[in-house]
Amino acid sequence: MKIEDVRRTAYSMPLTSPSYPKGPYKFFNREFFVITYRTDPEALAKVVPEPLKVVEPIVKYEFIRMPDSTGFGDYTETGQVIPVELNGVKGGYVHSMYLDDEAPIAGGRELWGFPKKLAKTRFAVESDTLVGTLHYGSVLVTSATMGYKYQELDKDALHKSLLGPNWMIKIIPHVDGTARVCELVEYYLEDLVVKEAWTGPAALGLFPHALADVAKLPVLEVISAAHFRTDLTLGLGKVVYDYLKD
């Protein structure tokens with residue numbers, strides 16, 4: 001393989017058998033289960049990086065079921081998104097993500113900088129209850145429940161709330177172990193269609209784990225819950241702050 005061939009074909013590892021295809025990345029019938037809860041403001045201050053600013057001590061714990069996506073396949077994901085502000089614009093900081101599929105773990109980390117780790121996530125309907133669980137190995141880390149389709153939500157209002165920016169920290173180490181890339185990346189959901197949206201009574205339990213530390217943002221009060229189904233395109237990101245230069 002010539003040097004010019006490497007330059008032309010390289011976009012993901014491994015070089016000759018990339019872990020995922022090139023985008024755009026489209027999701028069909030992407031289903032969300034989101035519990036919004038109040039947490040300890042001091043705990044939030046320890047994990048939200050400047051220049052982002054915490055709006056209030058709120059966390060959104062999300063389960064996302066992705067049965068049909070281009071390149072990434074069929075998988076389920078869970079994690080925490082923290083409402084924040086950047087230069088007066090409100091959005092969400094992606095704090096943690098756990099899922100069960102190699103392609104979106106590799107693609108999410110390499111392209112955007114999503115903080116993805118391998119774990120076992122489940123999201124399903126059990127009789128009259130929507131149930132989400134996260135196991136890290138054999139250990140239960142998260143248990144979430146919601147009354148199934150108790151009351152419809154305003155789809156237009158939900159649609160508008162999902163169009164704001166999202167941010168995460170992208171880190172790529174150098175060969176000596178130091179940070180070669182350390183950037184704040186911004187991305188948006190595109191071509192968004194909300195097909196249905198519901199709310200209901202909800203409960204959320206987070207349990208301590210050494211390597212899956214969702215419980216470090218403790219649940220003090222469940223504020224609301226939402227269950228909705230969408231089609232969307234995951235927009236590619238842009239760098240809004242470089243921690244190694246700015």
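**Exercise 1.** Are Tyr 25 and Trp 112 buried or exposed? Work out how the two rings are arranged and what they connect.

*Solution.* The model is predicted.
Step 1: Tyr 25 and Trp 112 are both buried.
Step 2: Their rings form an edge-to-face aromatic pair, with 5.8 Å centre to centre and 65 degrees between the planes. Edge-to-face applies because the angle is over 60 degrees.
Step 3: Tyr 25 belongs to strand S1 (residues 25–38) and Trp 112 to helix H3 (residues 102–112), so the pair ties together parts 87 residues apart in sequence.
Step 4: Ring pairs place both residues in a cluster with Tyr 11, Tyr 20, Phe 27, Phe 72, Phe 114 and Tyr 187.

**Exercise 2.** Describe the pair formed by Phe 33 and Phe 63.

*Solution.*
Step 1: The pair is stacked, at 5.9 Å centre to centre and 25 degrees between the planes.
Step 2: Phe 33 lies in strand S1 and Phe 63 in strand S3 (residues 58–69), 30 residues apart.
Step 3: Phe 33 is buried, with a relative accessible area of 0%; Phe 63 is buried as well, at 1%.

**Exercise 3.** Which charged residues sit over the rings of Phe 27 and Phe 114?

*Solution.*
Step 1: Over Phe 27 sits the charged end of Arg 30, 4.6 Å from the ring centre.
Step 2: Over the face of Phe 114 lies Lys 116, 5.2 Å from the ring centre.

**Exercise 4.** Find the edges of the sheet S7-S8-S9-S14.

*Solution.*
Step 1: The sheet is open, has 4 strands and is antiparallel in its pairing.
Step 2: S7 (120–126) and S14 (202–206) each have a single partner strand, so one side of each lacks a neighbour in the sheet.
Step 3: S7 pairs with S8 (residues 129–136) over 7 bridges, and Arg 122 has Thr 133 in S8 as its bridge partner.

How values were computed:
Residues numbered from 1 in each chain as written. Predicted model: local features only at pLDDT ≥ 70, side-chain atom pairs only at ≥ 80, totals over all residues. Heavy atoms only, no water. Pairing = 2+ DSSP bridges. Helix = DSSP H or I, 4+ residues; strand = E, 2+ residues; numbered from the N terminus. Phe/Tyr/Trp six-rings, centres within 6.5 Å; stacked < 30°, edge-to-face > 60°. Buried < 20%, exposed > 50% of the residue type's maximum accessible area, 1.4 Å probe, protein only. Lys NZ or Arg CZ within 6 Å of the ring centre and 35° of its normal.
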